[in-house]
Amino acid sequence: MSIVRRPRGTSSAVIVYVIILVSLQVFTVTVAVEAFLTDDEAIAWATAGVSVALAGMAAAFLRYLRR
Amino acid sequence: MTADAPTPLWERDFPYEAAAEEEVTRREFTRYLVLGAGAMAAGNVGLAVWTQLRSINTGEPRPIVALADVAVGGTYLFRYPADDDPAVLLRVDEQEIVAFSQKCTHLGCVVYYEAEARRWHCPCHEGNFKATTGEVISGPPTRRLGRIDVEVRDDGQVWALGARP
């Protein structure tokens with residue numbers, strides 16, 4: 001089994017990307033609550049879609065993180 | 001430091017074992033972040049489903065007041081859709097009437113009509129809304145006033161048909 005060596009800077013970049021994605025998630029939560037309070041179904045579903053996509057991207061970045 | 005060196009006094013009094021410290025790796029830290037992102041995504045989907053499925057009480061059609069009892073340019077206070085929901089009707093001219101929820105969309109203070117400026121005014125934080133549409137003119141509110149559909153029926157009564165956010 002080959003071990004892929006990635007430079008240490010890659011790990012830091014991945015963490016920064018994931019932190020940015022999680023910050024965007026916090027923003028989407030506020031938008032979702034606002035859509036809920038105003039009963040705006042279109043924005044609520046759009047926000048949910050974006051949120052799931054962000055979570056998927058964050059999970060994908062985890063693969064590139066060195067152990 | 002050699003193995004047979006005596007243990008310093010400070011280390012006997014305050015034993016600090018670095019090896020026993022639980023270390024959080026970058027990967028673990030990131031995994032927690034990803035789990036948090038997943039939880040927030042699940043919450044957002046849940047909110048969307050809740051928004052889709054819930055039914056807001058928009059009120060049942062009911063008479064409010066006789067149109068003849070409201071002067072042109074005058075207002076009439078009533079409760080709609082529930083008894084604890086203050087609402088206000090404005091007779092714009094002979095033909096046109098509009099009605100809105102009286103709750104300011106900022107923090108829920110009661111708005112009142114300023115005839116000179118032809119606007120709804122919230123005295124709490126100086127929010128202003130257009131008289132006929134309820135749209136925000138100025139101030140901290142970001143959403144228009146809640147609208148109440150009204151119509152005048154053949155017997156001259158003004159009926160509230162339903163409330164909209």
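In this predicted model, F78(B) is in contact with I64(B), V65(B), A87(B) and L89(B), once neighbours within four places in sequence are set aside. F78(B) belongs to strand β2 of chain B. Its surroundings hold 18 other C-beta atoms within 10 Å, and F78(B) therefore ranks as partly exposed, because a residue counts as buried only if 20 or more such atoms lie within that distance. The C-alpha atoms of F78(B) and V88(B) lie 5.9 Å apart in space, although the two residues are 10 residues apart in sequence.

The pairing of the strands gives the setting for these contacts. Strand β2 of chain B, residues 75-79, runs antiparallel to β3(B), and 5 bridges join the two. Within this pairing, L77(B) has V88(B) of β3(B) as its bridge partner. The connection from β2(B) to β3(B) is a hairpin through 6 residues. On to the next strand, β3(B) is likewise joined to β4(B) by 5 bridges, again with antiparallel direction. Here R91(B) finds its bridge partner in I97(B) of β4(B), and a hairpin through 5 residues leads from β3(B) to β4(B).

Strand β3(B) is mostly covered, with 5 of its 6 residues buried. One of the residues that F78(B) contacts, L89(B), has a broad set of contacts of its own. Beyond residues up to four places away in sequence, L89(B) touches I64(B), V70(B), T75(B), Y76(B), F78(B), I97(B), A99(B), V150(B) and V158(B).

L89(B) also has a prominent place in the largest nonpolar core. This core has 21 residues, and those that touch the most other members are L89(B), A99(B), F100(B), I148(B) and V150(B). At least two core residues come from each of β3 (86-91), β4 (97-101), β6 (119-122), β9 (147-152) and β10 (157-164) of chain B. The largest share, 4 residues, is supplied by β3(B). A second core, separate from this one, has 11 residues and includes A58(A) and L65(A) together with V34(B) and A37(B).

The chain B members named in that second core lead to the helices. V34(B) and A37(B) are among the buried residues of α2(B), which are T30(B), V34(B), A37(B), M40(B), A41(B), N44(B), L47(B), A48(B) and T51(B). Helix α2 of chain B covers residues 26-53; its 28 residues should span 40 Å at 1.5 Å a residue, and the end C-alpha atoms are indeed 40 Å apart.

From chain A, the second core includes A58(A), which is also one of the buried residues of α2(A), alongside A44(A), T47(A), A48(A), S51(A), L54(A) and A55(A). These buried residues fall within an arc of 130 degrees when seen down the axis of α2(A), so they line one face of the helix. The general geometry is that an α-helix has 3.6 residues a turn, so residues three or four places apart point the same way. Helix α2 of chain A, residues 41-62, has 22 residues and reaches 32 Å from its first C-alpha to its last, close to the expected 32 Å.

The two chains meet in a contact that takes 30 residues from chain A and 22 residues from chain B. On the side of chain B that touches chain A, 11 residues are nonpolar, 7 are polar and 4 are charged.

The overall make-up of each chain completes the picture. Chain A contains 2 helices and 0 strands, whereas chain B contains 2 helices and 10 strands. Along the sequence, chain B follows the pattern α-α-β-β-β-β-β-β-β-β-β-β. Buried residues account for 24% of the 67 residues of chain A and for 23% of the 165 residues of chain B. Among contacts between residues at least 6 apart in sequence, 61% in chain A join residues at least 24 apart; the corresponding share in chain B is 36%.

Terms used. Residues are numbered from 1 along each chain as its sequence is written. Chains are lettered from A and ligands numbered from 1 in the order in which they are written. This is a predicted model: local features need pLDDT of at least 70, side-chain atom pairs count only at pLDDT 80 or more; totals for chains, interfaces and linings use all residues. The expected span of a helix is 1.5 Å times one less than its number of residues. A residue is buried if 20 or more other C-beta atoms lie within 10 Å of its own, exposed if 12 or fewer, and partly exposed in between; C-beta atoms are placed from the backbone. The arc is that of the directions from the helix axis to the C-beta atoms. Two residues are in contact if their C-beta atoms, placed from the backbone, lie within 7 Å. Ala, Val, Leu, Ile, Met, Phe, Trp, Tyr, Cys and Pro count as nonpolar, Asp, Glu, Lys and Arg as charged, and the others, Gly among them, as polar. A nonpolar core is a set of buried Ala, Val, Leu, Ile, Met, Phe, Trp, Tyr and Cys residues joined through C-beta atoms within 7 Å. Two strands pair if DSSP finds at least two bridges between them.
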